[in-house]
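Please open the model in a viewer and keep the selection panel at hand. The tour proceeds by selection, one stop after another.

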Amino acid sequence: MSTLPTLMLLLLGVAAGGWVLRFAGQKATGNAPVFRDMPFAVAFGYILGAGLLAFSVWYYFQPTLTEAGTPNAGVVFFRWAVQFFIVATIAAFLFRALGRTVGTQFSKKMFRQMPLTASFGVLVVIVYAFTAIFAAWLAPHGQEAIFAKVNVLPGGNAATGGDPLHPLGTDQIGRDLLSRLIYGAQNTVGIAFVTTCLAFFLGGSLGFLAATLQGWLDQVLSRAVDVLMAIPSLIFALLLMTIASAWAGSERWLLTVYMILIIAVIDSTRVFRLARAVGLNIVVMDYIEAAKLRGEGMTYLIFKEILPNATAPLLAEFGLRFCFVFLTIASLSFLGVGIQPPLADWGTMVRDSAQFINFAAFSPLTAALPLLAAGAIALLTVGVNFVVDWMLHRSSGLKE
Amino acid sequence: MQSVIRIILQRLGLGLLTLFVVSIVIFTAVNMLPGDFAQAILGQGATPAAVESIRRDLGLDQPPITRYIQWLSGALQGDLGNSFAQANFASFVGADSGVRTTVAQQIAPRFENTMFLAAVTACIAVPVSLVLGILAALFRNSVFDRATNVTTLTSISSPEFFLAYVLILFLAVLNPVLPSLSNIYDGMSFGERLEKTLLPALTLTLVVTAHMMRMTRAAIINLLASPYIEMARLKGMSPMRVIVKHALPNALAPIINVIALNLAYLITGVVVVEVVFVYPGIGQLFVDSVKIRDIPVVQACCLIFAAAYILLNLTADILSILSNPRLRHPK
């Protein structure tokens, strides 16, 4: 273990560098306020940041092939990550600039206030939605089409075991991986979206009903939700999936339907809590009283009076809930009890190609396969979370 | 003081009641399985006599309420029944050799492993997130704050297996520092065990640190507008001292709460991470049992997970009452 002493020495060096930076700054600028009032931690941070940046640039320009001719996988992955980061930043910036010039007055104003992370999130959501809707046109092959060549390596280079017909290669039974990745957007995201909508319909309407009626119905529903929430959701989902798999028997598609219902019910408990809390604040308002005195029915009260006034918190919750549902479904699929084959799905793809990661030192592109599918999941949740974070930040009134 | 004890007892009672109801939910859910356990074990070619024998052996000929009481009283005494998958088939057809793997035997070593993993994670995650949170609050709205904000938001919203494979790629495959498979066995030295546990623990740390760090930052920043912080600043205290001595003690209640909640979250996250690293813990056993429909094991794991979850939430509740004088002395 010589890493630890090296690390300590580096930290000491950075600390000394920070002190020198502050001291030299004070002397060179004649005690300018910037350097005079600079805490040591800030100077330390500057040196650390500069050091990291310099190291990254140096590492980025290392050769991708070692002297022995094998790929220098660490550099390859680092270059991909940096390139992705730069492209993402530029895309988000251009997208925000576009949003500021094109569109209605309202959307222009929205884009003007938007931080770069949020515009990146919006862009990601749009791209995913587009891919999911037009998967059949975008994918070069069908998701269930089986080709004669199995285990074709990614890269499309015939010399290294690839095939130009399959840019990402094929899996163990000869299905095109690029097509399955694209169809995965349709299946995984689509199913998660349907599940979230169902959870919102269920939890939202019951929550508002409990808030308006109160009394025993409220008590019964709230206690039931308390009990359901006392079991960790992934564990409960796995338990119920065991039973559902016995019910579904050999009907694989039925299992997917059961999964949607199970996750929708489990997640609707969280929606119920929020909808009830928001609803309770609204039902005491005067305009609800007025509507009640007018003799309006329950449906009118819930959908015309309460719902429009509860949209903002519910919308933010929808984004968060979608992330949770999406991650739960992906996790279930990864564990092998979620979306069932032959439907293409990202969680299953990660599980099937996970061993490839061990070949990173020989073929970085092959090792990237499981990360590509897992990264597709991560990218969407990160994007949605960026948007939700911004929405919450805006509605909370910008605290310090 | 009297009222504190009363509140805590009240919460404890409520927790026990919840656990009781949860056990009913788990039992009912499992009993909604179509057909019969006996049929499920023996498959299609079962003779009626064999089915009848198993049914008697497992006590399936009794009404559900009796079975529930038996299961619950057994569980309370640490007897969680026999595993189907490990069942000795000879015993079912009469020739009982007396050797059976009980669920408790299967779970006990794995439970210890899972607890070890959770403990290692907590030891890394809690200090790191507290320090990061305090630093982010100190240098709020700076480059450092924004960078940590974006990084933690990314790690909190990535699926566990993504983080796990990225860590495997960089720390096990490209730079072989840590083993990517955690095969824990009896008689390992502590250091060896720690080394094998470190990679799963780091993954879980990435998952939970983000939330705890963000809550620490938010709790401290919420307080910074208070008059007494203004006073401390005007006295000429350094920003670090203001935060550590004045803001932190008052922000402790929400922070403790969020730490306990995240430890509870660890229990769910542990399932996926254990599967990725083939870590012999309860989560892995649970997933394997779910796949082969080993009902007693599923039931027992579920009960343990739910109990741990309820217990940690209860702890969060009680600690936040104890650390808040306004809740300690309700009017």
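Which pattern does chain B follow when read along the sequence? Select chain B and trace the sequence from its start: the pattern is α-α-α-α-α-α-α-α-α-α-α-α-α-α. The model is a predicted one, and in it chain B has 14 helices and 0 strands.

Keep chain B selected and show its contacts. Of those with a separation of 6 or more, 70% are between residues 24 or more positions apart. Next, colour chain B by accessibility. Buried residues account for 46% of its 331 residues. Then display the surface of chain B: the accessible area is about 16,000 Å², and carbon and sulfur atoms contribute 65% of it.

Now move to chain A and select residues 252-283, which form helix α11. Within this helix, pick T269(A). Is T269(A) buried or exposed? T269(A) counts as buried because its relative accessibility is 3%, below the cut-off of 20%. To see what surrounds this residue, add V225(A), L228(A) and M229(A) to the selection; T269(A) is in contact with these three, its neighbours within four places in sequence being left aside.

For the last stop, select residues 105-113 of chain A, which make up helix α5, and find R112(A) there. Which residues gather with R112(A) in a patch of positive charge? Extend the selection to R100(A), K109(A) and R394(A): together with R112(A), they gather in this patch on the surface. With the surface of chain A displayed, the tour may end at this view.

Definitions and conventions: Residues numbered from 1 in each chain as written. Chains lettered and ligands numbered in written order. Predicted model: local features only at pLDDT ≥ 70, side-chain atom pairs only at ≥ 80, totals over all residues. Heavy atoms only, no water. Patch = residues over 30% accessible without salt bridge, like charges linked within 9 Å, V, L, I, M, F, W, Y side chains within 5 Å. Areas by Shrake-Rupley, 256 points an atom, 1.4 Å probe, with all protein chains shown as cover. Salt bridge = Lys/Arg side-chain N within 4 Å of Asp/Glu carboxyl O. Lys, Arg positive; Asp, Glu negative; His and termini not counted. Charge placed at Lys NZ, Arg CZ, Asp CG, Glu CD. Helix = DSSP H or I, 4+ residues; strand = E, 2+ residues; numbered from the N terminus. Buried < 20%, exposed > 50% of the residue type's maximum accessible area, 1.4 Å probe, protein only. Contact = heavy atoms within 4.5 Å.
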